[in-house]
Amino acid sequence: MADHIHTIPVLDALREPKNCAFCVMHENLEKAAVNFIMSPAYMEDDVRRATNEIGFCRHHLAQMYEEQNRLGLALMLHTHLLKLNADIEKLAKRSAPAPFFGKDTSGPIAKLMNHLQGVDVGCYVCNRVNTTFDRYIDTYFHLLNKGGEEARLIKNQNGYCLNHFIALLEHAVNMGRGKREAFIEEILPTQQKMMQNLAEDLEHFTIKFDHRNAELPWNNAKDALLRAVAALGGEK
């Protein structure tokens with residue numbers, strides 16, 4: 001594992017002060033995925049076939065637009081729209097419209113409606129990020145079980161955002177009973193402490209808005225609202 005391609009980014013993120021390590025990993029993967037798709041890679045046949053079929057979620061469309069490669073984005077969206085229009089054309093030619101609105105959520109109209117609404121249809125960038133991110137979680141647990149300096153680094157974490165804390169608990173379900181219980185006993189007190197401290201800092205943040213408390217020191221509360229938003233899964 002020392003030379004594994006996923007070890008270095010995981011360890012680098014675990015060394016980040018204050019931040020949820022998995023948020024750092026995810027953000028880095030997102031940047032890399034957006035940079036990839038906005039590079040000449042979008043002209044490769046296999047990449048274009050995938051983007052035509054899957055498309056992009058609202059979040060990553062906005063990120064791609066900000067990359068300033070307007071021609072590349074236009075080319076990808078043009079062929080993706082051609083694919084969507086062909087799907088709509090097929091629906092228009094169906095002789096029996098009633099099944100469109102039945103209980104079959106896997107039917108063509110359901111898939112199209114979900115796509116237009118951004119529901120459970122996937123996204124090329126999301127898929128690329130999630131594939132590697134799942135391996136990062138596997139690497140995290142491998143390093144923890146391995147022991148040594150890497151395991152101590154994990155045990156010294158200050159906690160995680162709620163989304164990634166839940167992801168870790170879900171992953172722990174697949175561990176053996178003894179390891180699962182040991183991990184939960186290890187992570188829960190740390191997470192509780194982080195959340196309690198955050199609640200106290202947020203309360204102090206609100207108290208500072210009272211003019212009578214203008215002379216009170218901020219302590220750790222100055223960025224409490226930003227940290228609370230991040231801890232609860234909000235975007236920066």
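1. A quick term before anything else: a residue is called buried when its relative accessible area is under 20%, and exposed when that value is over 50%. Keep in mind as you read that this is a predicted model.

2. Let's start with His60, which sits in helix H4. Is His60 buried or exposed? Its relative accessibility is 3%, so His60 counts as buried. Its side chain makes a polar contact with the side chain of Glu30, at 2.6 Å. If you skip the neighbours within four places in sequence, His60 is in contact with Glu30, Val34, Cys123, Val125 and Cys126.

3. Next, have a look at helix H3, residues 45-54. Val47, Arg48, Thr51 and Asn52 are buried there. Viewed down the axis of H3, these buried residues fall within an arc of 130 degrees, so they line one face of the helix. Turned away from that buried side is a face carrying the exposed residues Asp45, Arg49 and Glu53.

4. What covers the buried residues of H3? The cover includes H2, helix H5 (70-92) and helix H7 (124-146). Just after H3 you'll find Gly55, with a positive phi of about 80 degrees.

5. Helix H11 (residues 224-231) can be read in a similar way. Ala224, Ala228 and Ala231 are its buried residues. Down the axis of H11, they fall within an arc of 65 degrees, so they line one face of the helix. Helix H9 (162-172) and helix H10 (177-207) are among what covers them. Just after H11 comes Gly233, which takes a positive phi of about 95 degrees.

6. Now for the empty space. Rolling a probe the size of a water molecule over the atoms shows where such space is left. The largest pocket holds about 1300 Å³. Its lining is made up of 37 residues, and Asn19, Cys20, Cys23, Ala230 and Ala231 lie nearest the centre. Ala231 is worth a second glance, as it is also one of the buried residues of H11.

7. Which elements give two or more residues to the lining of the largest pocket? They are helix H2 (21-37), helix H4 (58-66), H9, H10 and H11. H2 provides the largest share, seven residues. Sorted by class, the lining has twelve nonpolar, 14 polar and eleven charged residues.

8. If you want a route through the model, try His60 in H4 first, then H2, which helps cover the buried residues of H3 and gives the pocket lining its largest share.

Terms used: Residues are numbered from 1 along each chain as its sequence is written. This is a predicted model: local features need pLDDT of at least 70, side-chain atom pairs count only at pLDDT 80 or more; totals for chains, interfaces and linings use all residues. Side-chain values use heavy atoms; hydrogens and water are left out. Buried means under 20% relative accessible area, exposed over 50%, partly exposed in between (1.4 Å probe, protein chains only). Helices (H or I, at least four residues) and strands (E, at least two) are DSSP runs, numbered from the N terminus. The arc is that of the directions from the helix axis to the C-beta atoms. Contact means heavy atoms within 4.5 Å. On a 1 Å grid over the protein atoms alone, a cavity is a set of points where a 1.4 Å probe fits but cannot get out, and a pocket is an open set with protein on both sides within 12 Å along at least five of seven lines; lining residues have an atom within 4 Å of a point. Grid points are joined across faces, edges and corners, and a volume is the space filled by probe spheres set on the points. Ala, Val, Leu, Ile, Met, Phe, Trp, Tyr, Cys and Pro count as nonpolar, Asp, Glu, Lys and Arg as charged, and the others, Gly among them, as polar. A polar contact is a pair of N or O atoms within 3.5 Å; within protein, one must be able to donate a hydrogen and the other to accept it, and residues adjacent in sequence count only if both atoms are side-chain atoms.
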